[in-house]
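Student: I should like to understand how the terms used for a protein model are justified. Could you take me through them?

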Amino acid sequence: MNSEKFIGLCKENVVKYFNEYSDKTNNVLITQEDVYVVWYCSKTLQNHKALLNTNISDRMYYELTYNGDKNELYLDAYKKWQNVKIDLNEEV
């Protein structure tokens with residue numbers, strides 16, 4: 001699988017996941033144009049990995065991994081709970 005096909009597959013599956021599991025009372029459905037790649041690791045030993053997000057402010061992000069040996073795609077959906085600054089310049 002090449003990078004372009006993998007990214008397209010990721011976006012397609014994030015759209016399917018979001019549209020199936022998002023809060024139905026919000027009346028929001030997304031398309032692939034609403035999904036963007038945050039980080040991508042190109043093919044390494046028949047595998048790909050990418051982090052994706054949407055333009056919806058639900059604090060979710062999606063990690064997709066392709067296992068080339070088994071021809072399987074795994075989707076992990078995460079919710080960001082906090083962003084905590086840790087100042088490494090302060091003495092303990």
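**Terms and their grounds**

Tutor: Lys16 and Glu12 form a salt bridge, their closest N and O atoms being 3.3 Å apart. This is a predicted model, in which local features need pLDDT of at least 70 and side-chain atom pairs count only at pLDDT 80 or more, while totals for chains, interfaces and linings use all residues. Residues are numbered from 1 along each chain as its sequence is written, and side-chain values use heavy atoms, with hydrogens and water left out.

Student: Why is the contact of Lys16 with Glu12 called a salt bridge?

Tutor: The term requires a side-chain nitrogen of Lys or Arg within 4 Å of a carboxyl oxygen of Asp or Glu. The N and O atoms of Lys16 and Glu12 are 3.3 Å apart, so the rule is met. The two residues are four apart in helix H1, and therefore separated by about one helical turn. Helices (H or I, at least four residues) and strands (E, at least two) are DSSP runs, numbered from the N terminus.

Student: How many salt bridges does this rule give?

Tutor: The count comes to two. Lys49 and Glu63 also meet in a salt bridge, at 2.9 Å from N to O. This pair links distant parts of the chain, with Lys49 in strand E2 and Glu63 in strand E3, 14 residues apart.

Student: What makes Glu63 buried and Lys49 partly exposed?

Tutor: Buried means under 20% relative accessible area, exposed over 50%, and partly exposed in between (1.4 Å probe, protein chains only). Glu63 has 17%, so it is buried. Lys49 has 27%, so it is partly exposed. In strand E3 (residues 60–67), seven of the eight residues are buried.

Student: How do you know that E2 and E3 pair?

Tutor: Two strands pair if DSSP finds at least two bridges between them. Strand E2 (residues 47–54) and E3 have six bridges, so they pair, in the antiparallel sense. Leu52 has Tyr62 in E3 as its bridge partner. Eight bridges join E3 to strand E4 (residues 72–79), and these strands also run antiparallel.

Student: Why is Tyr21 called exposed?

Tutor: Tyr21, which lies in helix H1 (residues 3–21), has a relative accessible area of 54%, so it passes the limit for exposed.

Student: What makes Tyr36 partly exposed?

Tutor: Tyr36, in strand E1 (residues 35–44), has a relative accessible area of 40%, so it falls in the partly exposed range.
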